[in-house]
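Here is my note on the model you asked me to look over, set out as numbered points. Please keep the sequence and the structure open beside it as you read.

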Amino acid sequence: MVDSSKNIDESSVFLRGNIDEELIVHNILPRLPINKIFQFKLVCKNWRDFISQDSFSAIYNSVNNPMNCYCHSSSSFYYLFDMNRVISSDNDGQNQFKLPQHLGVFLKGIPSIRGSTNGLIYGLCFHGAGEEIFVCNPITKQVVYVDKPKDLCTLALAYDPHNANGFGGFKIVGVFSHIDHGEKRYWFAVYSPKTGEWCALNAPKLKAPPPSFGFSLLSSFGFSGESSSAYNKGKVYYSFMENIIWFDVENEIAGIVPCSDIEGNHLFVYLPTLGVCHEDGNGGEISYSRVTVEGVVKIWLLKNAGGGDEFEWVIRHDVGLPVVSRFNLDNLPNMNSGSRGSRTAKAFFPLPYLGGEVLWFRVLHGIHRGSLFSINTRSQELNYHDLKCNSVWPFIPTLLSCST
C-alpha cells in the first residue's frame, strides 16, 4: 500500500523551497542573465556570499564563455555612459539594467571612455595634474591608473576573464608613432599591472599606406562613442579607416589588413567601427561596420580561422538604411530642437556590431547630445530609442572576480 501522506509531505517540502542548494548555486544560478544575478544576491546572506566569491565568477564565466557558444547573456550588450545603463542589443527590454554606481562618481577627474573589453572599461581621465589612462571593473569599482606615455596614438585592452588572473590580468596595448625619413611609422608597447611598466615589443614597425581622403591614419581619441579598437582571441585590432592594424599580444607579431570593398563607397562621411561578433560559436570574429553617404549599411566579419596572419573578409549585412533612403534625419522624434544650423549638422555612426539581425546607430545632434536608433535587417523596421547618450560602448557584463 502506498503511503500517500509521505508523498504529500515530500511535495510540501519541495513547495516550501527546500531544493538542494548545491543544485541551485552550481547549476541554476550560473545560467541566469547577469542582471538577475545581481537581484539574487538579495535573497539571503548565503547566496550573497556565494555569488560574491571568485569561485562563482569562474563557474559563471565558464558556463557563459563566448568561446564555447553564442550567448546573449554575455555578449550582446551596450553600455551607455551618460545613463549608467546597460541595454540589450536585441531590443529586449527585460535585459536592461544599471550598474551599481556611475563611473563618474568613483573615477578621479573627468573620464573619457575609449573602449571596453570583456567586462572592463578603459579610457582617459583628465584632471589638474594632466591625463591618465584608466582601466576599471564597473561592477566591483576597482580601478588602475597609468600615466599616459608620450607619443601614444591609441590603445586597446587585452583581457580574457577565462584565462586571466582576476582584475589584474589585463594588458594595455598602446600604438605609438614617430617620423622616420619623412614617413610616419607605428610601433607597439604593452603595459602590465604586474610589472607596472611599459615594455617595448619586438614586433616590426609598421608603415601604413596614406589614406585616400587625407585624414589622420588612426582614429585615435577623437570621436566620442566610436569604437576604434577591439580584442579577440589574443589579438588587438585598430581601425585605420581604410585599413585594420592587428597585433598578436603573445607572439608579438603584427600586420595590416586592407578593408574590403572600399573604393567608390564614400564611407568616410560616417566613421567605421570595430566590434566582436560571437554568433558563430567559435569564439567570435572581428566585425567592421560602416555607412555610406548613399545610406547603405555594410557589415563585414574579419575571419582569422587559422589564428596566424591569414585573414578573410566575409560580408554579414548589406542593406539600405531607411533613415537615409526614405526620409531625412530631421524626421526622427525629439531631434528638432535648437537652431536650424545644428539640425543640418547631424551625423550618424554605426555602433559596433555584436551579432544578430538588429543593427544599432548613434545620431549626433549637438556637441554633447546623441540618440540611438536601430533597424531590423529582416523587416527593415526602424526604431527610435529615447536614450540621450553621447558615449555608447559594447559591453560584456561578465561576473569579474575581485582578486587582483
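1. I begin with one residue in a loop: E294 lies in the stretch that links β17 (285–291) to β18. This is a predicted model, and in it E294 has a relative accessible area of 44%, so the residue counts as partly exposed, a class that falls between the under 20% of buried residues and the over 50% of exposed ones. Although E294 and G320 are 26 residues apart along the chain, their C-alpha atoms are separated by 8.3 Å.

2. For the overall picture, the protein chain contains 9 helices and 24 strands. Of its 404 residues, 52% are buried. When contacts with a separation of 6 or more are considered, 52% of them are between residues 24 or more positions apart, and you may wish to keep this figure in mind when you read the sequence beside the fold.

3. The strand β18, which follows the loop of E294, also takes part in lining an internal space. How many cavities of 30 Å³ or more does a search of the whole structure find? The search finds 3, and the largest cavity holds about 70 Å³ of space. Rolling a probe the size of a water molecule over the atoms is what shows where such empty space is left.

4. Around the largest cavity there are 15 lining residues, and those nearest its centre are I299, L351, Y353, L359 and W360. Both β18 (296–303) and β21 (358–364) give at least two residues to this lining, with β21 supplying the largest share, namely 4 residues. What is the make-up of the lining by class? It has 12 nonpolar and 3 polar residues, and no charged residues.

5. A second residue that deserves a careful look is S229, which is placed in strand β12 (residues 229–232). Is S229 buried or exposed? Its relative accessible area is 6%, so it is buried, since that value is under the 20% limit. The side chain of S229 makes a polar contact of 2.9 Å with the side chain of Y122, and the side chain of S229 also reaches the backbone oxygen of L155 at 3.3 Å. Leaving aside residues up to four places away in sequence, S229 touches Y122, L155, A156, Y237, Y238 and L274.

6. Turning to strand pairing, β10 (residues 183–192) and β11 (residues 197–200) run antiparallel and are joined by 4 bridges. Within this pair, V190 stands opposite C199 of β11. The hairpin formed by β10 and β11 has 4 residues between its strands, and G196 takes a positive phi near 70° there.

7. Finally, there is an open sheet of 4 strands, in which the order is β3-β2-β1-β24 and the pairing is antiparallel. The edges are held by β3 (97–98) and β24 (392–394), and because each has a single partner strand, one side of each is left without a neighbour in the sheet. The partner joined to β24 is β1 (residues 77–80), which runs antiparallel to it through 3 bridges, and here L80 stands opposite V392 of β24. As you trace the strands, it may help to recall that in a regular strand the side chains alternate between the two faces of the sheet.

Notes: Residues are numbered from 1 along each chain as its sequence is written. This is a predicted model: local features need pLDDT of at least 70, side-chain atom pairs count only at pLDDT 80 or more; totals for chains, interfaces and linings use all residues. Side-chain values use heavy atoms; hydrogens and water are left out. On a 1 Å grid over the protein atoms alone, a cavity is a set of points where a 1.4 Å probe fits but cannot get out, and a pocket is an open set with protein on both sides within 12 Å along at least five of seven lines; lining residues have an atom within 4 Å of a point. Grid points are joined across faces, edges and corners, and a volume is the space filled by probe spheres set on the points. Ala, Val, Leu, Ile, Met, Phe, Trp, Tyr, Cys and Pro count as nonpolar, Asp, Glu, Lys and Arg as charged, and the others, Gly among them, as polar. Two strands pair if DSSP finds at least two bridges between them. Buried means under 20% relative accessible area, exposed over 50%, partly exposed in between (1.4 Å probe, protein chains only). A polar contact is a pair of N or O atoms within 3.5 Å; within protein, one must be able to donate a hydrogen and the other to accept it, and residues adjacent in sequence count only if both atoms are side-chain atoms. Contact means heavy atoms within 4.5 Å.
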